[in-house]
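Here is a report on one protein model. It goes from the overall fold to helix packing, then to single residues.

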Amino acid sequence: MQTDNVSNQREHLILLLANIHIRKHPKTDEHSKLEDNALDEVMKKLFKNYKKWCKYHGRKSSLWLPTIQQEVQQRKLLYIGLYLLIWGEAANLRFLPECLCYIYHHMAFEMYGMLAGNVSAMTGEYVKPAYGGDKEAFLKKIVTPIYCTIAQEAERSKIEKGNHSQWRNYDDLNEFFWSADCFRLGWPMRADADFFCQPLKPVDERNEGTIKADKQKGKVNFVELRSFWHIFRSFDRMWSFFILALQIMIILAWSEGGSLGNIFDPLVFKEILSIFITSSILNLGKATLDIIFNWRARRTMEFMVKLRYVLKFILAAMWVVLLSVTYAYTWEKPTGIIRTIKNWFGNGPDQPSLFIIAVVVYLLPDMLAAVLFALPLLRRKLEGSDYKLMRLIMWWSQTRLFVGRGMHESAFSLFMYTMFWVALLLTKFVFSYYVEVIIY
């Protein structure tokens, strides 16, 4: 570590502890003894993200305290001091908080081995830092390689302006440490790891082809693709709701008399049930757009993420077919496309109940989402859980992320929010039905 950084972080640590100590004991003199409560509070704040990161990956933290009570306070000071030294000399790596967690995880383990006097099983010598104890070794051997990777990606972003899948920004580099793959970097970090790899360039510009794709670790969770269809994909729930509402209003307007009371007519209500087929088609379009928007990242995307996109597309296509077929069998004398579907699959006995069962099964995920929406505390617990079963259940709804889990408002705020939109949309639909649909 640099000498100036050590001096700065020493003063930083003293001020942190002094401020907390004074808040807890404002009337004590300046010579009072430092209490463990102040140390514990500083550790809780500094290592909150690090402990969550360890729990997220299912690994034990490197914050191991000795059994001798007299040495506990000293060890806590050393752990805090090490973290502040890493943070102080990390420079632009401060924008990669989980990368700092990875660095601290290994360096704290090394420090524990040195303080405990552990002997290496390979060499028989006492544990030493993997990068040595040379002056400015941390800056030159740890910070510099990662920063050079960031700088190279920044240069590539100027060349590949339109193709966002070909370069990584701070978020993409930091998200690498959200995956267990980050531990493949090892310690000391392997220079040939995919995290540090850059795309290979042609050896000679006269060559027609280029060197085969390299093993660079690319984007995982999001790849920007500029398209007009982002308007639909980003607000798919709103568009789907409006399209289904428009379909219902058109069916009611074309029914005999055009009255809202016709919704209780069996034939009209049966026509309204066709909105579930429309909903399945819209879900298929959403699943298709997901694949298109992430197609450029297919080579670097994790297998589980790709599997999720493919399964969603297959399931959406199956629901379009299943709902269309079961709906066709609810009509005794169908016409148009419904008769065509019924001719394809045979004119067997009418089974209206099959369509109802299919609709109920189709709506089960939405029912579960509605329950979780009404109970934000439960959803917060499920999303923040690291149990494998809970992770599998939540994996279907969204990709597992380290940041942004369990960020939901209170139940009262959600209730007021829902009531506002219910009142607003009811007013809008009544106006749209009588003014826009009936009159025109």
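A crossing of two helices is called right-handed if the near helix is turned clockwise from the far one by less than a right angle, and left-handed if anticlockwise. By that rule, α9 and α11 make a right-handed crossing. Keep in mind that the model is predicted.

**The fold as a whole**

The protein has 17 helices and zero strands. Of its 440 residues, 37% are buried. Take the contacts with a separation of 6 or more: residues 24 or more positions apart account for 66% of them.

**The cores**

The largest nonpolar core has 50 residues. Which of them touch the most other members? They are I103, Y104 and I146. Six helices each supply at least two residues of this core: α1 (3–24), α2 (36–46), α3 (48–57), α4 (69–89), α5 (97–116) and α6 (137–159). The largest share comes from α5, with nine residues. Another core lies apart from this one. That other core has twelve residues, including L273, F276, Y327 and V359.

I146 deserves a closer look. Set aside its neighbours within four places in sequence. I146 is then in contact with L93, L96, C99, I103, M189, F195 and F196.

**Helix packing**

Two packed helices are described by the angle between their axes and the distance between the axes. Three pairs are listed here.

| Helix pair | Crossing angle | Axis distance |
|---|---|---|
| α4 and α5 | roughly 140° | within 10 Å |
| α5 and α6 | about 150° | 12 Å |
| α9 and α11 | roughly 155° | within 10 Å |

Start with α4 and α5. Their axes cross at roughly 140°. An angle has to be over 145 degrees to count as roughly antiparallel. The two helices are therefore oblique to each other. α4 passes α5 in a right-handed crossing. On the α4 side, the contact uses R75, L78, Y79, L82, Y83, I86 and W87. On the α5 side, it uses L100, I103, Y104, M107, A108, M111, Y112 and L115. By class, this contact has 14 nonpolar residues, no polar ones and one charged.

Next come α5 and α6. They pack at about 150°, so they are roughly antiparallel to each other. Their crossing is right-handed. C99, I103 and M107 in α5 meet F138, I142 and I146 in α6. This contact is made up of six nonpolar residues, with no polar and no charged ones.

The third pair is α9 (residues 236–254) and α11 (residues 275–293), whose axes cross at roughly 155°. That angle makes α9 roughly antiparallel to α11. From α9 come D236, S240, I243, L244, Q247 and I248, which meet I275, T278, S279, L282 and K286 in α11. Here the classes are mixed: five nonpolar, four polar and two charged residues.

**A charged residue in α4**

R75 is found in helix α4. Is R75 buried or exposed? Its relative accessibility is 8%, so R75 counts as buried; the cut-off is under 20%. Beyond four places in sequence, R75 is in contact with W64, L65, P66, Y112 and L115. Y112 and L115 are also among the α5 residues that meet α4.

**Backbone exceptions**

Most residues other than glycine have a negative phi, and most peptide bonds are trans. Two sites depart from this pattern.

Which peptide bond is cis? The bond from W187 to P188 is, with omega near 5°. P188 sits in the loop between α7 (170–175) and α8 (230–234).

A91 has a positive phi, near 55°, and is a residue other than glycine. A91 lies in the loop between α4 and α5. With 43% relative accessibility, A91 counts as partly exposed.

**A pair far apart in sequence**

How many residues separate Y434 and M249 in sequence? The separation is 185 residues, yet their C-alpha atoms are 9.6 Å apart in space. Y434 has its place in helix α17 (residues 411–438). Its relative accessibility is 42%, so Y434 counts as partly exposed.

Notes:
Residues numbered from 1 in each chain as written. Predicted model: local features only at pLDDT ≥ 70, side-chain atom pairs only at ≥ 80, totals over all residues. Heavy atoms only, no water. Core = buried A, V, L, I, M, F, W, Y, C linked by side-chain atoms within 4.5 Å. Buried < 20%, exposed > 50% of the residue type's maximum accessible area, 1.4 Å probe, protein only. Helix = DSSP H or I, 4+ residues; strand = E, 2+ residues; numbered from the N terminus. Contact = heavy atoms within 4.5 Å. Axes fitted to C-alpha atoms, helices over the stretch in contact; angles between N-to-C directions. Parallel < 35°, antiparallel > 145°, perpendicular 65-115°, else oblique. Nonpolar A, V, L, I, M, F, W, Y, C, P; charged D, E, K, R; others polar.
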